[in-house]
Amino acid sequence: MSLQPSLQSYADAWSHSIEAISELVSPLVEGEWNRRTPCPGWSVRDLVSHVIGLDSEMLGDPRPIHTLPRDLYHVTNEHQRYTEMQVDVRRHHTAPEMTSELEYTIIRRNRQLRNENRQPDTKVRGPLGTEVTLEHSMRTHAFNVWVHEQDLRVAVGRPGNLDSPGASIARDELLAALPKVVAKDAGAPANSAVVFDVHGPVEFLRTVRVDAEGNGSIDGAPSLGPAATLTLDWETFGRLACGRVTPEAVADRIKTEGDPELTTAILRNFTVTR
């Protein structure tokens, strides 16, 4: 592989997750492709269509020319319309058509990665016509594909890979969003600290500190006398942060200490993905 070393972990994580997705859906019969997933309005077929669409964009394929129906209740903004295009265009595809396209897309992407020699800071196409660096694009893509692998596992009742390479990237992506959640969205007081104690297949202890100006930062050092502490398992942390469950639905899996108003505000603003 000619990939830059800083990009290799993202390629490995994507490969691990996309192969897992292929294994999950290959044995499904036609009716099972209609199962609901944790993504509003999306079936297993829709979710796999989305993943295929994501990789098609990584390949630089032209976007489909397609008119969305007007009655898609879960499509409410421009970003969702952009995403839904790759999904709706495949809504009537059969199971064999879906698995064949997925397998062909994986083959093409593996070939692309084998020949990838661009620098990490090379600008590439992002969502809605934006430009992002290749490193940002690959990191976000590895994160997204792992999250959707987990969505599919929920839909078909086959949990797993909570400690895979993609899980490590998901952890870093979600932790990077915590300072804003605590300091800005939840309005934690100045000069305070909030501790997140996460256990399970991926374990970590992180402290979000809010300075005198109300800006948040995160580190791995424990805090003496934090304003709040949230203790939960990794699967629940990920599903909450990705908006797959509400705090009320998993209240029995979360232990909170400290200021109850602050912990409630943090959990209410915990979703960091679109």
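**Close-up A. Strands 6 and 7 pair up in the antiparallel sense.** This is a predicted model, and the view picks out the 5 bridges that link strand 6 to strand 7 (residues 254–258). Two of the facing pairs are worth finding by eye. Leu230 sits opposite Thr256 of strand 7, while Thr231 has Lys255 of strand 7 as its bridge partner.

**Close-up B. Strand 6 runs parallel to strand 3.** Look at strand 3 (residues 192–199) and you'll find 6 bridges tying it to strand 6. One pair to look for is His199 with its bridge partner Asp233 in strand 6. So strand 6 has bridges to strand 3 as well as to strand 7, and by definition two strands count as paired once DSSP finds at least two bridges between them.

**Close-up C. Strand 6 is mostly covered.** Strand 6 spans residues 228–233, and 6 of its 6 residues are buried. Side chains in a regular strand alternate between the two faces of the sheet. Here, Ala228, Leu230 and Leu232 are on one side of strand 6, with Thr229, Thr231 and Asp233 on the other. Both of these faces are covered, and every one of those residues is buried. Two of them turn up in the earlier views: Leu230 as the residue opposite Thr256, and Asp233 as the partner of His199.

**Close-up D. Five strands make an open sheet with mixed pairing.** Read across the sheet and the strand order is 5-4-3-6-7. Strand 5 (216–219) and strand 7 are the edge strands, each pairing on one side only. On average, neighbouring strands of this sheet are turned by 15° against each other, ignoring direction.

**Close-up E. Helix 6 lies across three strands of the sheet.** Helix 6 takes in residues 165–185, and the strands it crosses are strand 3, strand 4 (204–210) and strand 5. Against strand 4, helix 6 runs at about 30°.

**Close-up F. A search of the whole structure turns up 1 cavity of 30 Å³ or more.** The largest cavity has a volume of about 30 Å³. Its lining is made of Tyr10, Ala11, Trp14, Met58, Arg109, Leu113, Met138, His141 and Ala142. Helix 1 (5–25), helix 4 (95–114) and helix 5 (134–156) each chip in at least two lining residues. By type, the lining of this cavity splits into 7 nonpolar, 1 polar and 1 charged.

**Close-up G. The second largest pocket has a volume of about 200 Å³.** Of the 15 residues lining this pocket, Gln150, Val154, Leu162, Glu235 and Arg239 are the closest to its centre. Helix 5 and helix 7 (234–241) are the elements that give two or more residues to the lining. Helix 5 makes the largest contribution, with 6 residues. The lining of this pocket divides into 7 nonpolar, 3 polar and 5 charged residues.

**Close-up H. Gln4 sits in the segment before helix 1.** Gln4 counts as partly exposed because its relative accessibility is 23%. Leaving aside residues up to four places away in sequence, Gln4 touches Arg118, Gln119 and Pro120. Compare its position with Gly258: the two are 254 residues apart in sequence and 45 Å apart in space, C-alpha to C-alpha.

Terms used:
Residues are numbered from 1 along each chain as its sequence is written. This is a predicted model: local features need pLDDT of at least 70, side-chain atom pairs count only at pLDDT 80 or more; totals for chains, interfaces and linings use all residues. Side-chain values use heavy atoms; hydrogens and water are left out. Buried means under 20% relative accessible area, exposed over 50%, partly exposed in between (1.4 Å probe, protein chains only). Helices (H or I, at least four residues) and strands (E, at least two) are DSSP runs, numbered from the N terminus. Axes are lines fitted to C-alpha atoms, for helices over the stretch in contact, and angles run from 0 to 180 degrees between N-to-C directions. Contact means heavy atoms within 4.5 Å. On a 1 Å grid over the protein atoms alone, a cavity is a set of points where a 1.4 Å probe fits but cannot get out, and a pocket is an open set with protein on both sides within 12 Å along at least five of seven lines; lining residues have an atom within 4 Å of a point. Grid points are joined across faces, edges and corners, and a volume is the space filled by probe spheres set on the points. Ala, Val, Leu, Ile, Met, Phe, Trp, Tyr, Cys and Pro count as nonpolar, Asp, Glu, Lys and Arg as charged, and the others, Gly among them, as polar.
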